[in-house]
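Q: I have a protein model open and I'm not sure how to read it. Can we walk through it one feature at a time?

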Amino acid sequence: MKKFYRVRRWLFAPLVYLAAIFLLIEEWLWATGARIMQVVAQFPPLHALEAWIKRLPPYWALAVFALPAVLLFPVKLLALLAIARGHAFSGIGVIVIAKLGGAAAVARLYSLTRPTLLSLPWFARWHGLFMETKDRWIARLRATRPWRRVSRLSAALGRARRAWWQRLRKSTPGRHQSRPARVLRRFAAFWRARR
């Protein structure tokens, strides 16, 4: 019987590593997407749109929350079609961009619509059940050795990236602001000037 458990653990180890990697990527996408959308939402037109979304009735808020998944589904299908027709890099690129954009949009919409959606009894019940189940499974995954190894590797990669970024910033003084940040600031200033 012990041999069976040992073989089973050996067979499932790659799946646990894959789940740990997937969870770390998903957490990073969710956090990064939320930060990006919080910065982008400071522009006056998007700020007004967010205020409108917060005032929506519950079922309209549910429709808005589901909108990114509905809109990105055909894009992902077209990306899979591109992969099937021999355009693997373009298809994978579209899927990655759609995943990043979708995660950012869903993270922001979730934070905007959650109070309204939780006013629906059935949504509150299913949301609570989903969150309990998710937390239980994530706790089980985080208690495994593969999770600890993958999270240590992720932390080491993060430290190396931050050290590299610090060295890069020190070697190029005066260029500490990225081009996208400068463009976003100019765009925000343009919209403020129009009010």
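A: Sure, let's begin with a single residue. Ala79 is found in helix H3. Keep in mind that this is a predicted model.

Q: Okay, so is Ala79 buried or exposed?

A: The general idea is to look at relative accessibility, where buried means under 20%. Ala79 has 3% relative accessibility, so it counts as buried.

Q: How far apart are Ala79 and Gly91, in sequence and in space?

A: Here you compare two distances, one along the chain and one through space. Ala79 and Gly91 are 12 residues apart in sequence, and their C-alpha atoms are 4.2 Å apart in space.

Q: Let me zoom out. How many helices and strands are there in the protein?

A: You just tally the elements: the protein has 7 helices and 0 strands. Reading from the N terminus, the order is α-α-α-α-α-α-α. As for burial, 19% of the 195 residues count as buried.

Q: Which residues make up the largest nonpolar core?

A: For a core, you look for buried nonpolar residues whose side chains are joined. In this protein the largest one has 9 residues: Ile53, Leu56, Ala61, Val64, Leu109, Leu112, Leu117, Leu120 and Phe123. Two helices, H3 (58–84) and H4, each give two or more residues to this core. H4 gives the most, with 3 residues.

Q: And what about nonpolar residues on the surface? Which ones make a patch?

A: Now you look for nonpolar side chains on the outside. Trp28, Ile92, Val96 and Leu100 make a nonpolar surface patch of about 390 Å². Helix H4 (residues 88–117) turns up again, giving the most to the patch with 3 residues.

Q: Take Val96 as an example. Where is its place, and how does it count?

A: Val96 has its place in helix H4. Its relative accessibility is 43%, so Val96 counts as partly exposed. That class sits between buried, under 20%, and exposed, over 50%.

Q: Next up, salt bridges. How many does the count come to?

A: You look for a nitrogen of Lys or Arg within 4 Å of a carboxyl oxygen of Asp or Glu. The count comes to 1 salt bridge. Its partners are Glu50 and Arg108, whose side chains meet at 2.7 Å, N to O. The pair links distant parts of the chain, with Glu50 in helix H2 (residues 44–54) and Arg108 in helix H4, 58 residues apart.

Q: Are Glu50 and Arg108 buried or exposed?

A: Both Glu50 and Arg108 are buried.

Q: How do I check the length of a helix? Say, what should helix H5 span?

A: The trick is to count 1.5 Å a residue and compare the result with the distance between the two ends. Helix H5 (residues 121–142) has 22 residues and should span 32 Å; its end C-alpha atoms are 31 Å apart, which agrees.

Q: Which residues of H5 are buried?

A: The buried ones are Phe123, His127, Ile138 and Leu141. They cover an arc of only 60 degrees around the axis, which puts them on the same side of H5. On the other side of H5, Pro121, Arg125, Glu132 and Arg140 are exposed. Phe123 is also one of the residues in the largest nonpolar core.

Q: What about the start of helix H6 (residues 145–171)?

A: Two residues there are good for comparing burial class with contacts. Arg145 lies in helix H6, and at 53% relative accessibility Arg145 counts as exposed. Pro146 is in helix H6 too, but at 12% relative accessibility Pro146 counts as buried.

Q: How far is each of them from Tyr17?

A: Arg145 and Tyr17 are 9.0 Å apart, C-alpha to C-alpha, though 128 residues apart in sequence. For Pro146 and Tyr17, the C-alpha atoms are separated by 5.4 Å, with their positions 129 residues apart along the chain.

Q: One last residue: where does Gln42 lie?

A: Gln42 lies in the loop between helix H1 (2–40) and H2. With 59% relative accessibility, Gln42 counts as exposed. The C-alpha atoms of Gln42 and Ala188 are separated by 7.9 Å, and the two residues are 146 residues apart along the chain.

Terms used:
Residues are numbered from 1 along each chain as its sequence is written. This is a predicted model: local features need pLDDT of at least 70, side-chain atom pairs count only at pLDDT 80 or more; totals for chains, interfaces and linings use all residues. Side-chain values use heavy atoms; hydrogens and water are left out. Helices (H or I, at least four residues) and strands (E, at least two) are DSSP runs, numbered from the N terminus. The expected span of a helix is 1.5 Å times one less than its number of residues. Buried means under 20% relative accessible area, exposed over 50%, partly exposed in between (1.4 Å probe, protein chains only). The arc is that of the directions from the helix axis to the C-beta atoms. Patches are made of residues with over 30% relative accessible area and no salt bridge: like charges are joined within 9 Å, nonpolar side chains (Val, Leu, Ile, Met, Phe, Trp, Tyr) within 5 Å. Accessible areas come from the Shrake-Rupley method with a 1.4 Å probe; for residues, only the protein chains shown count as cover. A nonpolar core is a set of buried Ala, Val, Leu, Ile, Met, Phe, Trp, Tyr and Cys residues joined through side-chain atoms within 4.5 Å.
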